[in-house]
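The following exercises concern the structure shown below. Each task is followed by a solution that proceeds step by step.

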Amino acid sequence: MADNNSKQPKSTSRREFLKNSGLTIGGLVVGGVLGGALIGKQKVEVEKVVEKPVNYNQALMYFNQEQFQITEAATERIFPKDELGPGAKELGVAFYIDHQLASPWGINAKDYMTGPFFKGEATQGMQSSMKRVEIFTVGLQGLTDYSKSKYSKKFTELSETEQDEVLKVFEEGKEYKLSGTTTKEFFSLLRSMTLEGAYADPMYGGNKDMQGWKMRNYPGTQMSYANIIDKDEFVKMEPKSLHDHMGH
Amino acid sequence: MSTKLPKVPVVLVGMGWTGGIIAAELTKAGIQVVGLERGKGRDTSDYFMAHDELRYAQRYEMMQDLSKETVTFRNNEKMRALPMRTYGSFLLGDGVGGSGSHWNGQYGRFLPYDFEIKSKTIERYGAKKIPAGMTIQDWGIKYDELEPYFVKYEHMAGISGEQEDNPMLGKKSKPYPTPPMKVTPTMKLFMDASKKLGYHPYVVASANLSEMYKNPDGIERAACQYCAYCERFGCEYGAKADPVVTVIPVAQKTGKLDLRTHSNVTRVLHDGKKATGVVYVNTLTGEEFEQPADMVILTSYVLNNVRLLLTSKLGKPYDPASGTGVVGKNYAYQTQSGKVTGFFDDKQFNLYAGAGSLGAEISDFNGDNFDHSDLNFIHGAGLRVFQYGARPIGSNNVPKGTPSWGKDFKQASIKYANSTITLATQGASMPWKHHFLDLDPTYKDAYGQPLLRMTFDWEDQDRELTKFLVGKSEEIMKEMGATIVDANKELKAYNITPYQSTHNTGGAIMGADPSTSVVNNYLQMWDAENVFVVGASAFGHNSGFNPTATVGALAYRAAEGILKYMKQGGQLV
């Protein structure tokens with residue numbers, strides 16, 4: 001625990017915060033091998049006693065089945081499974097995207113969406129009257145249509161290399177036109193949402209079991225790094241999510 | 001149709017740093033103050049779930065709701081200005097605390113050179129050094145006159161910094177009240193390398209407390225835990241100085257602050273000579289109120305201060321064609337698109353940890369600390385390394401040439417997740433005749449008021465400054481031993497999309513002459529003596545430091561001026 005902690009004023013909100021949420025500070029695991037061994041053991045014991053819990057979050061708020069499958073396939077190409085760890089599919093990124101598109105963010109609730117709308121210069125930013133959920137929906141249809149015209153197959157039926165080729169065309173935004181938006185705009189949304197789904201707190205539906213964070217040794221939300229901030233050696237920790245703050 | 005309320009001595013428009021400081025100073029002196037804040041109230045208990053990168057850093061939880069109000073933007077007068085529909089180059093604060101709740105807490109006094117920039121530039125290089133169209137001017141106040149007010153802010157906020165004066169910075173009459181933040185290995189690498197190259201590095205002064213601190217008002221705050229959720233977040237510890245945990249509770253304790261949230265001021269009422277009050281809308285119910293007041297103080301951030309003056313027809317609007325008029329003049333920003341990224345193949349740092357103001361800097365190339373005789377720009381930048389906490393959605397640095405998605409991207413972004421250091425260039429931004437703020441002819445806010453229109457672009461001054469200073473950063477990064485050094489030296493047109501800095505300045509600038517400035521050196525309006533316009537709107541240009549130190553000092557000076565005015569009346573200067 002940080003030296004500074006013992007010198008906190010009595011009535012700070014931090015103390016209340018800790019009390020209310022039942023948090024503990026510290027519990028650092030230094031070094032990956034020991035940490036890994038401990039976790040492995042815990043997992044085995046848990047599996048013996050409890051059946052695999054149902055993840056009620058994994059259902060759809062917006063997508064139909066086909067839209068979900070295309071999203072799952074496309075995001076997996078952007079963030080693929082490899083020797084470092086899971087890809088977008090295993091991390092639940094498509095569920096994350098579905099939930100976000102159904103949220104106030106999906107309908108640009110906090111953006112200035114009053115007209116008149118004009119095509120602006122590149123320096124003037126987003127000027128579309130279409131909402132994110134609409135851009136995404138048109139984009140997914142575009143992936144289907146383009147794949148059919150070029151390969152006579154659905155996007156989900158293409159090989160990985162072919163899927164990459166389609167996504168590259170969409171990223172460049174020159175070859176194929178969409179109605180009301182551009183493939184480039186759609187791709188940029190798809191890419192940023194993929195990274196968000198891999199790395200946002202698991203409560204949003206992606207980053208399953210904090211595996212996105214674990215891959216890059218990101219410890220999630222810890223209450224204090226005061227005791228390691230000036231240390232030379234790299235310190236690995238078991239990540240914590242916002243759920244850990246809820247306490248009892 | 002609006003409800004007329006009983007008259008009050010002082011009404012403040014906006015309850016961030018400037019409104020909070022003035023509320024505290026006036027109420028301590030026994031004055032009754034009404035504080036109008038368009039957003040909601042907040043305190044540290046609202047930050048229970050603050051460690052949420054998506055909600056706060058990517059979805060801008062604490063920022064102004066752009067569906068209600070934004071700005072329009074164009075690079076030059078030939079373009080049609082269009083609304084900034086989504087964030088954004090800068091992030092506007094909202095709610096009690098304003099930008100002072102979501103800031104990083106980086107603290108740096110402007111240099112003595114800044115306040116006399118025009119005379120000192122001419123004195124050293126001759127009048128020809130200032131290119132045609134660059135509208136720099138002296139601020140009507142000198143560093144030494146403002147120095148005691150810097151000290152006031154530092155002791156209120158508990159600024160943590162090096163106790164010795166750095167030779168590249170202005171002299172301090174009192175050391176910072178708390179010692180500097182801890183030095184991380186990344187900061188140490190930078191400081192060692194720049195020292196070796198003959199520069200004068202220092203740990204950047206910080207409003208994230210390095211240790212527990214009790215300020216002169218009796219406010220006690222906890223030390224920073226380096227939890228890495230600072231910039232764009234509120235601090236659940238109260239360790240980051242924020243109006244909500246410093247000045248506002250002091251004002252509230254006096255019982256003399258009537259703080260009204262969800263109260264959006266749409267107009268300053270006046271009779272052509274003096275203000276008579278304000279009109280505001282309750283944003284929850286839509287009800288309109290008229291609040292008469294003896295004094296009106298605008299403390300609502302740069303952009304809104306200027307917009308309110310223009311919509312209220314207070315002061316003479318700036319005309320870029322003739323260069324006459326003052327309201328909206330000298331809009332400036334922060335030239336900091338240039339940077340150097342170093343990738344370290346053989347080192348891992350604890351980059352997930354950090355704080356908003358945890359960094360080191362050199363000011364050897366800031367202000368006029370170096371000879372500009374053979375350079376095609378004036379002023380300079382702070383060259384700096386910060387450890388904010390590399391959050392995983394926002395920090396996916398890969399070396400140039402790496403694809404931006406797919407397997408190669410995933411592997412490189414993960415490989416360098418804890419092995420990347422960025423050297424930033426916080427460049428000064430000079431004002432130009434053709435950079436200004438006025439009212440947009442087309443677009444309106446949710447209350448029917450015209451949006452503010454911004455006309456701004458990068459100039460050769462910015463391009464030359466960036467090229468030269470990023471070059472210096474590149475040398476430092478090589479000395480630091482990075483395996484791959486990627487430098488970004490080229491400035492294209494100013495683009496409102498990528499985040500750059502929430503250091504907007506100017507538009508209601510201070511000065512010694514009513515024909516070239518909106519306010520005097522107490523931030524009292526030349527054209528309406530009972531109106532004070534407080535904030536970075538008063539900056540004649542923007543320096544190579546974070547603005548809050550100078551904003552805070554000016555707010556303390558304005559508070560003193562307001563009290564003086566209440567006693568004697570008339571123009572204070």
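**Exercise 1. Describe the overall build of chain B.**

Step 1. Chain B contains 12 helices and 24 strands; helices (H or I, at least four residues) and strands (E, at least two) are DSSP runs, numbered from the N terminus.

Step 2. The model is predicted: local features need pLDDT of at least 70, side-chain atom pairs count only at pLDDT 80 or more, and totals for chains, interfaces and linings use all residues. Residues are numbered from 1 along each chain as its sequence is written, while chains are lettered from A and ligands numbered from 1 in the order in which they are written.

Step 3. For 573 residues the globule rule gives 25 Å, and the radius of gyration of chain B is 23 Å, close to that value, so chain B is as compact as a globular protein of that length. The radius is taken over C-alpha atoms, and the rule is 2.2 Å times the number of residues to the power 0.38.

Step 4. The C-alpha trace of chain B spans about 70 × 55 × 50 Å along its principal axes.

Step 5. Of the 573 residues in chain B, 61% are buried. A residue is buried if 20 or more other C-beta atoms lie within 10 Å of its own, exposed if 12 or fewer, and partly exposed in between, with C-beta atoms placed from the backbone.

**Exercise 2. Establish the strand order of the open sheet in chain B.**

Step 1. The order of the four strands is E5-E4-E21-E20 (chain B), with mixed pairing; two strands pair if DSSP finds at least two bridges between them.

Step 2. Strands E5 (82-83) and E20 (436-444) of chain B form the edges, each pairing on one side only.

Step 3. Two bridges join E4 (residues 71-74) of chain B to E5(B) in the antiparallel sense. B:Thr72 has B:Pro83 in E5(B) as its bridge partner.

**Exercise 3. Characterise the contact between chains A and B.**

Step 1. Chain B contributes 61 residues to the contact and chain A contributes 61 residues; two residues are in contact if their C-beta atoms, placed from the backbone, lie within 7 Å.

Step 2. On the side of chain B that touches chain A, helix H2 (53-58), E5, helix H10 (407-415) and E20 of chain B each supply at least two residues. The largest share, four residues, belongs to H10(B).

Step 3. By class, this side of chain B has 29 nonpolar, 20 polar and 12 charged residues. Ala, Val, Leu, Ile, Met, Phe, Trp, Tyr, Cys and Pro count as nonpolar, Asp, Glu, Lys and Arg as charged, and the others, Gly among them, as polar.

**Exercise 4. Analyse helix H6 of chain B.**

Step 1. H6 (residues 143-157) of chain B has 15 residues and reaches 20 Å from its first C-alpha to its last, close to the expected 21 Å. The expected span is 1.5 Å times one less than the number of residues.

Step 2. Buried residues of H6(B) include B:Leu146, B:Phe150 and B:Met156. The buried residues of this helix pack against helix H8 (247-253) and helix H12 (548-568) of chain B.

Step 3. After H6(B) comes B:Gly158, with a positive phi near 75°.

**Exercise 5. Identify unusual backbone geometry.**

Step 1. Most residues other than glycine have a negative phi, and most peptide bonds are trans.

Step 2. B:Ala228 has a positive phi, near 80°, and lies in the loop between strand E10 (220-221) and H8 of chain B. B:Ala228 counts as buried because it has 28 C-beta neighbours inside 10 Å.

Step 3. The peptide bond from A:Gly115 to A:Pro116 is cis, with omega near 0°.
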